[in-house]
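Colleague: Please take a close look at a single part of this model. I would like one connected account.

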Amino acid sequence: MTPVSSHSPHGQSPLRTVQVLGGGNAGSSAHVRSLAAGLVARGVKVTVCAPSDAERTYDFTGAGADHVHVPRSSDPVSVAALRTVCAEADLVHAHGLHASFRAVLALGGRRVRTPLVVTWHDRVHAEGARAHLLRVLERRVMKAATVVLGATSELVDGARRTGARDARLGPVALPARPGRPAGPEDPDRLRAKLRAELGAIDRPLLIAVGSLEPHRGYDVLLDAARVWRGLDPAPLVVVAGEGPLRGELQGRIEGEGLPVVLAGSRDDVPDLLAAADLALLPSRREPGRSVLAQEALHARVPLVAGAVGGIPELVGDAAELVPPEDAEALADAVVRLLAAPARREELRDRGARQAATWPTEDETVAQVLSVYDELTQPTPLL
């Protein structure tokens, strides 16, 4: 167990931290909840500034933190509210680009410099004028942050290129999904029940998870599904997620007779993975630590993924990696795996070993706390 944190720089009270969260990213929200619980257990006072809907979903107060509602907006009222909370903090830790920008605004102009730690979970993508604006925000945040923790080596390199003074690798542990009850049902029975509900009783079941957006590569997935529909039996692809491309994707599925089901948002992703024969991650970009990749390897489900961003670093040799946007390579990898039970078992074993190398929630808290102590401990007199 990690030792309790040092006291504040004044040595009179526990370290006071403010966690700033935009609330729009499930991975960063779950991380903040896990981090808050671990820090509070170590004697750190934690205040989470996040929208109220994030508090309702992730229950930061249930982890022992204080919660202050701060909207996602960077308008003067929201920034002023954040500035008030940060005024008494020994250190501020922001998660994600927009939350970090608000923190920079809130801390600007203070006579006493409060350390700002930024965790870069992912890189926001956009095109045109919005892309230019995001790059401007990134440069502002990276230059203002005392320390930037990048979830992957790619993000650390990007932070350094963008002007970060101190950028370090800070892998984020995969927290448990919130609110998933431990059911009494037998796992094999639940697996069979789910496969029956999805229509995959006597056919392979392939699972993909993520919002229906262009960067997820679901158009490439549908191209590959044209190959799989010729197999006997044809594998069923279930996509768990919602988003703006639903209409377009559904039109293709129906028009081309593809064995694909858009299942919408699901709160039983671990159960879906446990029922699956393969997990698919056809993303065009994935600079952060993919939640699906981590959950698949933890669940011993063979993974086929695009070799993009942080995926190769995350999974090592424990998954079938294919070139991004290559439907033929994706189709070939799936067909080969379905015909090779020994290779699937090998990937299950490799996946379990790879997952064992990832940081636990406790180790993630320990690393973050060591950064906090480094930035808030008094400098010894020589």
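Modeller: What follows goes through strand β9 and its neighbours, then turns to helix α3 and the cysteines.

This is a predicted model, so local features need pLDDT of at least 70 and side-chain atom pairs count only at pLDDT 80 or more, while totals for chains, interfaces and linings use all residues. Residues are numbered from 1 along each chain as its sequence is written, and side-chain values use heavy atoms, with hydrogens and water left out.

Start with strand β9, residues 236-240. Helices (H or I, at least four residues) and strands (E, at least two) are DSSP runs, numbered from the N terminus. Five of the five residues of β9 are buried, so the strand is largely enclosed by the rest of the structure. Buried means under 20% relative accessible area, exposed over 50%, and partly exposed in between (1.4 Å probe, protein chains only). In a regular strand the side chains alternate between the two faces of the sheet. In β9 both faces are covered: L236, V238 and A240 lie on one side, V237 and V239 on the other.

β9 pairs with two strands, β8 and β10. Two strands pair if DSSP finds at least two bridges between them. With β8 (residues 205-209) the pairing is parallel, over five bridges. Here A208 stands opposite V239. The chain runs from β8 through helix α8 (residues 218-228) to β9, a right-handed β-α-β crossover. Right-handed means that, with the strands pointing away from the viewer, the path from the first strand over the helix to the second runs clockwise. With β10 (residues 260-264) the pairing is again parallel, over four bridges. V237 has V260 as its bridge partner. Helix α9 (residues 246-256) links into a β-α-β unit with β9 and β10, also right-handed.

Now helix α3, residues 76-86. Its buried residues are S78, V79, L82, V85 and C86. Seen down the axis, they fall within an arc of 120°, so they line one face of the helix. The arc is that of the directions from the helix axis to the C-beta atoms. P76, V77 and T84, on the other side, are exposed. D75 caps the N-terminal end, with a side-chain oxygen 2.9 Å from the backbone nitrogen of V77.

Last, the cysteines. The whole structure has zero disulfides, a disulfide being a pair of cysteine sulfur atoms within 2.5 Å. C86 is buried at 1% relative accessibility. Its sulfur is 5.8 Å from that of C49, the closest cysteine sulfur, too far for a bond. C49 is buried too, with a relative accessible area of 1%.

Conventions. A polar contact is a pair of N or O atoms within 3.5 Å; within protein, one must be able to donate a hydrogen and the other to accept it, and residues adjacent in sequence count only if both atoms are side-chain atoms.
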